[in-house]
Amino acid sequence: MLKKMFSNRGVTVTAMLISSILCTILFAATLTDSNDPYADKTISNWNDVFTKYLAYRNDAYKLIPPNTEFNTDNFLSVGAKVQDNPDWFWAFGGTTLYLDDSGELGKLSRQLPLSLVVYEDIANSQIVIETIPDNEKEQAKELATFSAPAWVEQTYTQSRDEYFSAELGKRRVVWQIILQAKPTE
């Protein structure tokens, strides 16, 4: 049946023309999305920040936790004590994210630029997003919290130190970001 359908030259040319038009439309749609240089750094809600933080900390180079933390059998029970230690966190800064003011966070557009910090509160198993105060008299303001990802089970091939290093290393990442208005072109 297909052989009979495409034996006519007019039908074949029409089918090829329709196929090329569809491919052109799909290609143009792809280009339209990639023309925005800020697309991968634009957020519209706190979940976007949370997702970007998890990706950032998983891509950060391996951070080895202080050796003293491995002396305990139950790290989570002393998590609060450990994270109060100034040597625990490893701060990464210099990231700028842009606010999509038509999104859920549009109301923040009057406060921009806004300095934020994202980190994991190990004691409470939460990812916290809060403001960085402009001066010492101000308090940090918590903007959002999310449940922290569960700890991966230790494999039988991992030593205890390897397991803690892998799990705790990424939980040391503190991400400092600047939230700015998305530039108009």
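So, Val 49. If we skip its neighbours within four places in sequence, Val 49 is in contact with Ile 43, Leu 97, Val 118, Ile 129, Trp 175 and Ile 177. Keep in mind that this is a predicted model.

Now, where does Val 49 fit in? Val 49 is among the residues with the most contacts inside the largest nonpolar core, along with Trp 46, Val 118 and Leu 179. That core has 25 residues. Which elements give two or more residues to it? There's helix H3, residues 46-59, and then five strands to look for: E2 at 90-99, E3 at 114-121, E4 at 126-131, E5 at 142-147 and E6 at 173-181. H3 gives the most to this core, with five residues.

Okay, let's step back a little along the chain to Asn 45. You'll find Asn 45 in the loop between strand E1, which is 42-43, and H3. Have a look at the side chain of Asn 45: one of its polar atoms lies 3.1 Å from the backbone nitrogen of Asn 47. For the backbone nitrogen of Asp 48, the distance to a polar atom of that Asn 45 side chain is 2.8 Å. And, again leaving aside neighbours within four places, Asn 45 is in contact with Glu 104 and Leu 105.

Last stop, the surface. Ile 18, Ile 21, Leu 22 and Ile 25 make up a nonpolar patch there, and together they have about 390 Å² of accessible area. Take Ile 18, which is in helix H2, residues 9-34. Is Ile 18 buried or partly exposed? Its relative accessible area is 49%, so Ile 18 counts as partly exposed; the cut-off for exposed is over 50%.

Notes: Residues are numbered from 1 along each chain as its sequence is written. This is a predicted model: local features need pLDDT of at least 70, side-chain atom pairs count only at pLDDT 80 or more; totals for chains, interfaces and linings use all residues. Side-chain values use heavy atoms; hydrogens and water are left out. A nonpolar core is a set of buried Ala, Val, Leu, Ile, Met, Phe, Trp, Tyr and Cys residues joined through side-chain atoms within 4.5 Å. Buried means under 20% relative accessible area, exposed over 50%, partly exposed in between (1.4 Å probe, protein chains only). Helices (H or I, at least four residues) and strands (E, at least two) are DSSP runs, numbered from the N terminus. Contact means heavy atoms within 4.5 Å. Patches are made of residues with over 30% relative accessible area and no salt bridge: like charges are joined within 9 Å, nonpolar side chains (Val, Leu, Ile, Met, Phe, Trp, Tyr) within 5 Å. Accessible areas come from the Shrake-Rupley method with a 1.4 Å probe; for residues, only the protein chains shown count as cover. A salt bridge is a side-chain nitrogen of Lys or Arg within 4 Å of a carboxyl oxygen of Asp or Glu. A polar contact is a pair of N or O atoms within 3.5 Å; within protein, one must be able to donate a hydrogen and the other to accept it, and residues adjacent in sequence count only if both atoms are side-chain atoms.
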